[in-house]
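Student: Please pick one part of this structure and take me through it slowly. After that, I'd like to see how some helices pack.

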Amino acid sequence: MSVKSLSSLFSFSKQSSSLSSYSSSSDIPSPRTPKQTFSESLMEENIENVETIITKWELSSSSDTKVTSLFLNDRNEAKQWLKGVKDLRQAMQFLHSENSTSDKLVHAQNLMQIAMKSLEHQFYQILSKNRDQLDPESVLSALSVSGQSSDRLSSLDDEGVEVSENEDELKRVGENITEMERVSLFPISDLKAIADCMIGCGYGKECTKVYTLIRRSLVDEKLYRLGIERFKASQIHKMNWEELEPMIKNWLSAVKIAVKTIFTGEKFIYDHVFSAPTTAIRESCFGDVTKGGAMNLFRFPELISKSKKSPERIFRLMELYEALSELWPEIESIFNIESTSAIKLQALSSLNKLGDSVRIVLSNFESTIQKDSSKTLAVGCGIHPLTRSVMSYISSLGDYSRILSDIIADYPPPNNSAFPEHYFASPISGDNQAPAVSVHLAWLILVLLCKLDSKAQLYKDVSLSYLFLANNNQFIFERVCTSQLKDLLGDEWVFRQEKKIKQYALNYETMAWTKVFSSLPEKTSSEISPEAAKECLRNFNAAFEEAYMKQTSRVIPDEKLRDAIKISIAKKLVPAYREFYDAYLVKLGGVKNLELFARFGPDDLVNYLSNLFPGTPMLISSSSSSSLSSSYSSESQGSIRH
């Protein structure tokens with residue numbers, strides 16, 4: 001960049017360079033008498049001494065210094081240069097208090113303008129030429145190596161251009177600073193020295209303008225490389241979910257880097273460079289650097305929250321919520337000044353809107369269950385599609401219980417008065433109040449259970465209604481016990497559900513097999529006639545065949561429930577039939593076509609029952625038969641034989 005273009009870029013306003021800027025500055029101390037400070041001749045001498053070093057680094061000079069960094073060329077000279085500017089300022093204050101129209105004061109003012117323009121140029125050079133070293137990630141990396149961010153940078157200041165006068169101390173500090181720290185952190189120390197000088201001389205606006213120009217472009221570039229683009233709400237709303245999901249995944253990884261590295265590092269650099277007493281200009285600087293990029297970054301979740309609220313989107317919404325909530329303490333710490341308050345408000349707004357969206361999705365999901373009006377019956381009284389889809393969804397919600405608990409903590413589920421009292425109870429046993437997330441998930445399961453009750457009524461045969469309820473309640477029970485839901489709902493919920501399943505199974509067994517059980521005499525009697533025995537066998541055969549034919553098309557997908565029902569039926573049926581069969585078969589020994597009456601032997605019943613209730617429709621599981629036979633051997637063979 002040419003000298004002319006640099007001069008144009010860093011031109012000063014009349015207001016900042018006028019003498020009035022000093023007379024009105026709050027930084028100028030009350031004038032003291034010459035006896036207390038300097039004599040006029042001493043001030044003039046100071047101005048002459050300062051003029052030599054200031055003009056050497058004047059931008060309009062034909063010297064090579066116009067393209068050389070003062071701070072890289074000779075750090076000792078930079079130190080003397082800044083000290084000279086400080087002396088010049090003191091001289092101007094004195095001359096102004098003595099004679100505000102003094103020619104010497106005008107000359108000093110001109111020198112100050114030259115000095116400030118040179119400093120502005122040096123400030124720009126350091127920011128531009130050390131772009132890589134002043135990258136937030138590089139700075140944080142250097143600090144993490146030392147493990148002493150504050151003390152380390154303070155030591156750098158001590159080695160810097162105007163703080164320490166003790167050469168031995170400087171040497172000691174220099175030996176303790178690694179090359180990585182030196183390269184990355186020295187530019188910050190130099191920027192601080194320049195910023196302190198310019199702000200102290202009333203040129204803070206020019207200083208922060210350059211800083212904002214360079215640093216804002218770096219922050220925006222870093223965010224762009226992370227894939228953070230600027231979107232309008234209308235663009236997001238037009239995108240389908242397949243397009244939005246990759247964007248959300250990218251944002252989830254990018255936001256952590258942005259907050260923990262880019263903004264944290266930028267805040268560290270800013271806080272150190274502008275560590276002089278707070279001014280309005282200084283306060284606005286960090287906001288000007290970060291506002292555009294940060295507002296766009298933290299606005300994205302809010303735009304997503306306003307998109308279509310279908311059930312499957314809740315998990316991405318919760319992930320966005322989790323990312324923001326986990327980063328919120330750091331966001332508050334980084335953007336903790338007035339000029340960045342809008343950034344915090346945007347992040348908080350996105351957090352709140354995400355929470356609102358999650359709650360709306362949950363409410364819509366509940367309504368979807370309640371409004372399901374499908375009349376389709378589950379094949380073989382098996383698992384209804386609604387049961388599968390709802391429990392899959394609820395168990396997935398359980399995996400997000402920590403996030404969900406924050407979102408719904410202050411939002412209780414609807415009043416349960418619409419449901420039977422025995423359905424609803426606290427999912428957690430004991431006197432402690434159940435967590436909101438546990439109550440909400442228990443409520444959603446309750447809504448499903450009530451809907452299944454209404455669907456069970458579609459079966460004309462009551463026994464099938466009970467089998468349907470046993471199957472579906474067992475499915476719900478297993479999904480709870482094999483997921484995070486078990487811990488959320490608690491042992492009391494599990495106990496009640498297991499008890500309910502056993503009752504449904506017993507009701508099914510009673511309704512479906514009572515006719516078979518009742519076809520046999522309650523007690524074996526020696527007085528029964530052969531004709532009566534034949535009639536009993538005929539009744540049993542008819543009842544068993546009817547019940548068996550009906551039940552062959554029924555399924556029990558859960559192996560434990562299937563075997564429990566088979567064993568329960570067999571324990572009630574086989575011993576009674578064996579006793580009757582053994583007692584009266586002798587009396588019927590002379591009857592022709594005996595096989596027409598005694599069509600089933602006791603062992604035949606075991607085999608028939610073993611083939612009942614396949615795990616899936618139209619599929620008989622061979623494992624069921626072996627499982628049942630094994631169960632007889634282990635727990636019921638004795639009672640059946642006797």
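**A close look at α24**

Tutor: α24 bends by about 30° at Ala-570 (the angle between axes fitted to the seven residues ending there and the seven starting there). Keep in mind that this is a predicted model, where local features need pLDDT of at least 70, side-chain atom pairs count only at pLDDT 80 or more, and totals for chains, interfaces and linings use all residues. Residues are numbered from 1 along each chain as its sequence is written, and side-chain values use heavy atoms, leaving out hydrogens and water.

Helix α24 runs over residues 559–584, and its 26 residues reach 37 Å from first C-alpha to last, close to the expected 38 Å (1.5 Å times one less than the number of residues). Helices here are DSSP runs of H or I with at least four residues, numbered from the N terminus. Look at the start of α24: a side-chain oxygen of Asp-558 comes to within 3.2 Å of the backbone nitrogen of Lys-560.

Now for a partner: α22 (residues 485–518) and α24 have axes that come within 11 Å and cross at roughly 40°, so α22 is oblique to α24 (under 35 degrees is roughly parallel, over 145 roughly antiparallel, 65 to 115 roughly perpendicular, the rest oblique). The α22 and α24 crossing is right-handed, meaning the near helix is turned clockwise from the far one by less than a right angle, while anticlockwise is left-handed.

Elsewhere, α14 (residues 241–273) packs on α15 (residues 280–305) at about 165°, axes 10 Å apart, so α14 is roughly antiparallel to α15. Their contact has 18 nonpolar, 2 polar and 5 charged residues, and α14 passes α15 in a left-handed crossing. α15 has a kink too, of about 50°, centred on Lys-291. Even so, its 26 residues should span 38 Å and the end C-alpha atoms of α15 are 36 Å apart, which agrees.

One pair to go: the axes of α17 (residues 341–371) and α18 (residues 385–399) come within 12 Å and cross at roughly 155°, so α17 is roughly antiparallel to α18. α17 passes α18 in a left-handed crossing.

Terms used. Axes are lines fitted to C-alpha atoms, for helices over the stretch in contact, and angles run from 0 to 180 degrees between N-to-C directions. Helices (H or I, at least four residues) and strands (E, at least two) are DSSP runs, numbered from the N terminus. Ala, Val, Leu, Ile, Met, Phe, Trp, Tyr, Cys and Pro count as nonpolar, Asp, Glu, Lys and Arg as charged, and the others, Gly among them, as polar. A polar contact is a pair of N or O atoms within 3.5 Å; within protein, one must be able to donate a hydrogen and the other to accept it, and residues adjacent in sequence count only if both atoms are side-chain atoms.
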